[in-house]
Amino acid sequence: MAKYVGALDQGTTSTRFMIFDHSGSVIAVAQKEHEQIFPKPGWVEHDAVEIWQRTQEVISGALKKAEATPADLAAVGVTNQRETAVVWDKSTGKPVHNAIVWQDTRTDTICNELAKDGGRDRFREKVGLPLATYFSGPKVKWVLENVPGARERAERGEVVFGNVDSWCLWNLTGGVNGGLHITDVTNASRTMLMNLKTLQWDEEILGILGIPKSMLPEIRPSSAVYGKCVYPLAGVDAAGDLGDQQAAIFGQTCYAVGEAKNTYGTGNFLLLNTGTEPVQSKSGLLTTLGYQIGGQAPVYCLEGSIAITGALVQWLRDNLGMIKSSVEIEQLAATVEDNGGVYFVPAFSGLFAPYWRSDARGVIAGLTRYVNKGHIARAVLEATAWQTKEVVEAMDKDSGVALTSLRVDGGMVHDELLMQLQADVLGVPVIRPKVAETTALGAAYAAGLAAGFWHDLDQLRANWGVGRTWEPNMDAAKRDSQYALWKKAVTRTFDWVE
């Protein structure tokens with residue numbers, strides 16, 4: 001009898017494999033970083049072969065730590081950095097180009113050309129997304145237009161595309177020897193190529209972008225048994241697939257309309273469950289698939305995506321050398337009582353929700369000789385809190401539901417100063433669950449449900465427990481005046497790129 005469920009969490013900066021028991025507790029985890037490749041300003045790439053190598057290493061590593069074999073796993077789920085596009089040759093298993101990462105802005109020209117007919121919201125009614133460099137559809141178009149021979153090979157059916165979930169599942173289920181070329185509704189909804197209502201690839205948009213339909217993976221539910229894995233998970237059912245943010249809302253057990261979570265990772269992603277009907281945003285949010293269990297009706301979400309949050313702490317560490325490890329940011333920020341008048345808007349790859357300005361670039365505003373590195377560190381943490389507040393306001397407008405508390409997860413939620421700042425800025429309690437790594441947990445839940453390891457959503461809800469709550473204690477007038485300065489700083493980032 002299988003005792004556990006496994007989850008492959010393929011993120012922007014690292015890959016990890018986690019093993020969970022029936023109560024949702026972590027039994028073992030193994031994690032490895034992979035290289036971030038920056039060929040030109042605004043370009044961000046990953047080596048998909050390296051990612052698959054890391055995947056095999058962390059699976060073996062976690063199984064060893066758990067003293068388990070694949071036979072101990074009831075199923076495995078996959079969760080992934082979502083809009084990162086991989087195009088590969090299905091007969092050799094070799095990518096035709098490095099994976100183009102969700103943060104990459106090289107498709108700006110393509111998006112601007114497409115927007116000339118119908119504006120940024122040209123496809124929004126069908127796909128729930130604005131025309132933006134963020135999504136994977138334009139990235140595929142770029143590969144077909146810029147990699148010699150790629151278009152011809154794609155038209156002959158030799159070259160295929162997928163977000164990273166598809167790449168991992170294809171390799172996990174056999175690769176060149178009959179690997180499954182599939183994705184789930186949540187990942188498909190991030191390509192700008194899937195119709196939200198039909199959950200099928202949209203022929204008209206494919207035609208406009210010039211992407212052969214034969215390149216695309218088959219769209220499946222988020223929780224369903226897809227097939228058997230090969231080494232290093234030989235014989236285990238691959239049974240769950242969710243984009244990382246949807247996996248987090250699933251792991252946070254936000255199964256009721258109006259429940260929301262915010263994930264603090266490389267970027268920040270706030271998702272609100274809106275039920276079985278898609279809600280179109282009028283405030284700069286995305287309409288996205290939340291999850292689909294087997295043959296049940298799909299559940300939709302509104303999403304506010306922020307490009308740079310945890311990545312700003314990494315930048316402070318790697319590019320400026322102000323800290324040696326990411327955890328030091330909290331200690332440095334705690335050496336001062338406030339931000340000293342400094343506001344840091346990290347529009348490194350433009351601004352995502354609610355602005356969608358690819359012409360924006362990062363700004364540090366309010367510098368005086370009084371300012372020291374503690375103030376800069378605090379402004380870095382506050383940037384995450386203020387950006388989240390902007391998204392929450394947009395969500396309130398779109399949904400008509402005022403936020404009463406915020407469930408949080410991801411790597412940055414262990415920064416207690418940041419969590420207090422977040423509660424202060426929002427004016428509502430911030431709640432961290434007992435298991436903060438809810439992205440991997442959500443993928444495990446989806447797989448375990450499909451395999452019968454868990455029977456229903458109520459069993460999963462029963463696993464969720466509060467780890468810590470932060471109550472707001474900032475004066476409303478002070479919050480409003482600081483927010484006004486933040487908004488002013490944001491406007492300074494606009495129109496930087498001609």
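**Y445, two sheets and two pockets**

Student: Leaving aside its neighbours within four places in sequence, which residues is Y445 in contact with?

Tutor: Once the neighbours within four places in sequence are set aside, Y445 is in contact with G24, F250, G251, T253, Y255, W454, L460 and N463. Keep in mind as we go that this is a predicted model.

Student: Is Y445 buried or exposed, and why?

Tutor: Y445 counts as buried because its relative accessibility is 1%, and buried here stands for a value under 20%.

Student: And where does Y445 sit?

Tutor: Y445 has its place in helix α14, a helix that we will meet again when we come to the sheets and pockets.

Student: How far apart are Y445 and V371?

Tutor: In sequence they are separated by 74 residues, and in space, going from C-alpha to C-alpha, Y445 and V371 are 47 Å apart.

Student: OK, sheets now. What is the strand order in the open sheet of six strands?

Tutor: That open sheet runs β3-β2-β1-β5-β12-β11, and its pairing is mixed. Its edge strands, each of which pairs on one side only, are β3, residues 26-33, and β11, residues 223-228. From one strand to the next, the twist averages 25°.

Student: In what sense do β11 and β12 pair?

Tutor: The pairing of β11 with β12, which covers residues 237-243, is antiparallel and extends over three bridges. To give one bridge as an example, K228 has D237 in β12 as its partner.

Student: Which helices pack on this sheet?

Tutor: Helix α6, residues 164-172, packs on the sheet and touches β1, β5 and β12, with its direction at about 145° to that of β5. Helix α14, residues 438-451, also packs there, touching β1, β2, β5, β11 and β12, and its direction makes about 135° with that of β5.

Student: What about the sheet of seven strands, what's its order?

Tutor: It is an open sheet with mixed pairing, in the order β15-β16-β14-β13-β19-β20-β21. The edge strands are β15 (286-291) and β21 (466-470), each pairing on one side only, and neighbouring strands are turned by 30° against each other on average, direction ignored.

Student: In what sense do β19 and β20 pair?

Tutor: Strand β19 (406-409) and strand β20 (430-433) pair in the parallel sense over two bridges, and the bridge partner of R407 in β20 is I431.

Student: And which strands does α9 touch there?

Tutor: Helix α9 packs on the sheet, touching β13, β14, β15, β16 and β19, and its direction makes about 60° with that of β14. Another helix, α12 (373-399), packs on the sheet as well and touches β13, β14, β16 and β19, its direction being at about 145° to that of β16.

Student: Switching to pockets: what volume does the largest pocket have?

Tutor: Its volume is about 1,000 Å³. The lining of this largest pocket has 39 residues, and those nearest its centre are Y264, G265, T266, G411 and M412. Among the elements that give two or more residues to this lining are α9 and α14, the two helices we spoke of above.

Student: Which element gives the most to that lining?

Tutor: α10 does, with five residues. By class, the lining of the largest pocket has ten nonpolar, 18 polar and eleven charged residues.

Student: How much space lies in the second largest pocket?

Tutor: It holds about 620 Å³, and its lining has 22 residues, with F38, V44, Q103, W315 and F348 nearest the centre. The largest share of this lining, five residues, again comes from α10, and the classes there are eight nonpolar, nine polar and five charged.

Key: Residues are numbered from 1 along each chain as its sequence is written. This is a predicted model: local features need pLDDT of at least 70, side-chain atom pairs count only at pLDDT 80 or more; totals for chains, interfaces and linings use all residues. Side-chain values use heavy atoms; hydrogens and water are left out. Two strands pair if DSSP finds at least two bridges between them. Helices (H or I, at least four residues) and strands (E, at least two) are DSSP runs, numbered from the N terminus. Axes are lines fitted to C-alpha atoms, for helices over the stretch in contact, and angles run from 0 to 180 degrees between N-to-C directions. Contact means heavy atoms within 4.5 Å. Buried means under 20% relative accessible area, exposed over 50%, partly exposed in between (1.4 Å probe, protein chains only). On a 1 Å grid over the protein atoms alone, a cavity is a set of points where a 1.4 Å probe fits but cannot get out, and a pocket is an open set with protein on both sides within 12 Å along at least five of seven lines; lining residues have an atom within 4 Å of a point. Grid points are joined across faces, edges and corners, and a volume is the space filled by probe spheres set on the points. Ala, Val, Leu, Ile, Met, Phe, Trp, Tyr, Cys and Pro count as nonpolar, Asp, Glu, Lys and Arg as charged, and the others, Gly among them, as polar.
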